[in-house]
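User: I have a structure open and want to go through it piece by piece. Please keep the answers short and end each one on the value or name I ask for.

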Amino acid sequence: MTATPSWLYYLFGALMLVVAAYSVVLLLSSVATRRALGWDVDVSHLFMGLSMAGMFVTRWAFGGRDVWELIFSLLLIWFLVRSIQSLHRWGPHLSHFLIHTVMSCTMLLMYRFPLPASSGAMSMSMRGSRLDPGLSFLLAFVLFASAIFTLASPNKGASHHGTHAPAYAMSGTAGSGLSTSRTGEQATSVVSIDQLLATPRLEDMSHVVMCVAMGFMLILML
Amino acid sequence: MSITATRVSTPPAASVSSMGSPRALMVPQRDLQRTFQMALATVWLLDAVLQLQPFMFTPGSSGFSGMLRGLASQNPGWIAHTITWNASIVDHHPVSTNASFAVIQFVIGFGIVSRRTLRPALGLSIVWSLAVWWFGEGLGHVFSGGASPFGGGPGGVLFYALLAILLWPRAGSDQPFVAARAVGVKMAKALWAAVWALLALLSVVGSGRSPESLHNMVAGLNRGEPGWLTRIDASSESFFLHHGTTAAIALAVVCLTVAAGIFLPPRYARASVVLASVVFAVIWVAVQNFGGILAGGATDPDAGLLIVLLALLYWPLSDDRASAIDVASGAILVTQEGPPS
């Protein structure tokens, strides 16, 4: 009989909710500061955080499987197109959109091939087919590598904005692209929230947490 | 100059927003030692997450402690006693011990990432690897004559320690190969020769050359593996049953050839690195089954992957590249089309 470490799933579920909440803050900040870059990553992290929290803890799950599959299919197509656009514009390079494409694809696969009931994760029920363990392992390894190389990168915030963001190029860090149209206390308030939370390191950290949690889920699917 | 001080610059905003044409920009020259450190950190992160599998928290013979206890057999009595003692502790406290093991591996993996914690993390990884080699791998079955490199002998975790030593941060050039940067060319070559000579020896001693033993080793791994890997295993089992001794001798010859290759001119040294990488990549897949990860319940990816990583550390670099890295300014002005990301 395999022991189910439920506290571990609650821990990962809670982390996913924190990432989702942080993504909401970043989205609001993007709207307030009219920052054009990184919102698509924030949207994807929001959906991934919410859905994975439901995978780790059953009672936190909501929404039908078909709805989630549709969302992650759209995200997959979006990031795939952005990756191709990036390659077309800048030539051969490792676009940051690629890892978000992989993450969207992973989420889609996790809904298409849910965990067997015996695996210990709490939300998914037994279905006939199973995701090939080789593919699970490969995706998990890619996600772990992304987590490590994101943390090690001198380009902080690149996991959200890439290294060609204008704000990035000017300051060496992303996430500081404030609009100059706001004035007075409102602008000061937005600036302080933005400077406090929309920091490249926190953005990278949310990506790292998401990669590790997703990789863990893939390992559970082996 | 410290290579680790090499910095990344990005194109100016105006040039990015207004043009996509070739232009002069500052791009980073990759620090290969740092890249390999990150690869090692990735493997440690994988290990940490593998430690979180439900099976690891399960007490009794069907759990992690049962797996540890099974390693005691075939070892000398006093070694077996220490392994059993450790297994009983894990059995009585499966959650706290296993969570601690996972945390240690997370600390090592993420510790390697930060330059400030790199040295302590690598030091901890050496200590931890040796402890795991003893208590978690039963000394790689070296004392029971079952440490065939086909099966991961002399213990995959030993290669973590070796990689930590060879990737110890040190300013300098990656010439003639990355491993030399940490310990010097002579010591690096000596370690290479020693490792491959040991692998050659272990290929042909004890049960390592027995067709039945090699066959059973693969057969024991393929439970729970996906269909495509089971089919590969069936071929491996059949091959070992009919040509086990020949395969063991051939592996020993390959290992000795690789050992000598590092002392030859770069062209032949590269060939030996390729030979080592290909042979152990095949072994990792067709014999070690990715360390059993795909069947669930594995604690690490086994030796094959790490030996390939080790071999790549010895890839001879061209003079051009090495001198490019050693430019004193720390950032090199080149002309290139487009930003890196």
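**Salt bridges, surface and backbone**

Analyst: Start with Arg112(A), which is partly exposed because its relative accessible area is 41%. This is a predicted model.

User: Which residue does Arg112(A) meet in a salt bridge, and at what N to O distance?

Analyst: The partner sits in helix H3 of chain A, while Arg112(A) is in helix H4 (residues 96-112) of chain A. The two are 43 residues apart, so the pair links distant parts of the chain. The partner is Glu69(A), at 3.1 Å.

User: Is Glu69(A) buried or exposed?

Analyst: The cut-off for buried is under 20% relative accessible area. Glu69(A) has 9%, so Glu69(A) is buried.

User: Which residues are linked with Glu69(A) in a network of salt bridges?

Analyst: One of them is already known from the 3.1 Å pair: Arg112(A). The network also takes in another arginine of chain A. The residues linked with Glu69(A) are Arg112(A) and Arg65(A).

User: How far apart are the closest N and O atoms of Arg82(A) and Asp40(A)?

Analyst: These two form a salt bridge. Arg82(A) lies in helix H3 (residues 65-90) and Asp40(A) in helix H2 (residues 39-56), both of chain A. They are 42 residues apart and link distant parts of the chain. The closest N and O atoms are separated by 3.4 Å.

User: Which of Arg82(A) and Asp40(A) is buried, and which is partly exposed?

Analyst: Buried means under 20% relative accessible area. Arg82(A) is at 22%, so Arg82(A) counts as partly exposed. At 4%, the buried residue is Asp40(A).

User: Which residue meets Asp174(B) in a salt bridge?

Analyst: The side chains meet at 3.1 Å, N to O. Both residues of the pair are buried. The partner of Asp174(B) is Arg181(B).

User: How many salt bridges are there over all chains?

Analyst: Take the whole structure rather than one pair. A search over all chains gives a total of 5.

User: Which helix gives the largest share of the nonpolar surface patch?

Analyst: The patch covers about 330 Å². Its members are Trp7(A), Leu11(A), Leu15(A) and Val95(B). The largest share is 3 residues, from residues 6-33 of chain A, helix H1.

User: What is the relative accessible area of Trp7(A)?

Analyst: Trp7(A) belongs to helix H1 of chain A. Patch residues need over 30% relative accessible area. Trp7(A) is partly exposed, because its value is 39%.

User: Where are the cis peptide bonds at Pro154(B) and Pro176(B), and what is omega at each?

Analyst: Most peptide bonds are trans. Pro154(B) is in the loop between helix H6 (118-135) and helix H7 (156-166) of chain B. Pro176(B) is in the loop between H7 and helix H8 (178-183) of chain B. The Gly153(B) and Pro154(B) bond has omega of about 5 degrees, and the Gln175(B) and Pro176(B) bond about 0 degrees.

User: What is phi at Leu139(B), and where does this residue sit?

Analyst: Most residues other than glycine have a negative phi. Leu139(B) has a positive one, near 60 degrees. Leu139(B) is buried, because its relative accessible area is 2%. Its place is the chain B loop between H6 and H7.

User: Is Asp302(B) buried or exposed, and what is its phi?

Analyst: Asp302(B) lies in the loop between helix H12 (266-286) and helix H13 (303-312) of chain B. Its relative accessibility is 16%, so Asp302(B) counts as buried. Phi is positive although Asp302(B) is not a glycine, at about 70 degrees.

User: Which residues does Ala311(B) contact, leaving aside neighbours within four places in sequence?

Analyst: Ala311(B) is in helix H13 of chain B. Its relative accessible area is 0%, so Ala311(B) is buried. Ser272(B), 39 residues away in sequence, is 8.9 Å from it, C-alpha to C-alpha. The contacts are Trp192(B), Val273(B), Ala276(B) and Ser277(B).

User: What share of the residues of chain B counts as buried?

Analyst: Chain B has 14 helices and 2 strands. It exposes about 13700 Å², with 67% supplied by carbon and sulfur atoms. Of its 341 residues, the buried share is 52%.

Key
Residues numbered from 1 in each chain as written. Chains lettered and ligands numbered in written order. Predicted model: local features only at pLDDT ≥ 70, side-chain atom pairs only at ≥ 80, totals over all residues. Heavy atoms only, no water. Patch = residues over 30% accessible without salt bridge, like charges linked within 9 Å, V, L, I, M, F, W, Y side chains within 5 Å. Areas by Shrake-Rupley, 256 points an atom, 1.4 Å probe, with all protein chains shown as cover. Salt bridge = Lys/Arg side-chain N within 4 Å of Asp/Glu carboxyl O. Helix = DSSP H or I, 4+ residues; strand = E, 2+ residues; numbered from the N terminus. Buried < 20%, exposed > 50% of the residue type's maximum accessible area, 1.4 Å probe, protein only. Contact = heavy atoms within 4.5 Å.
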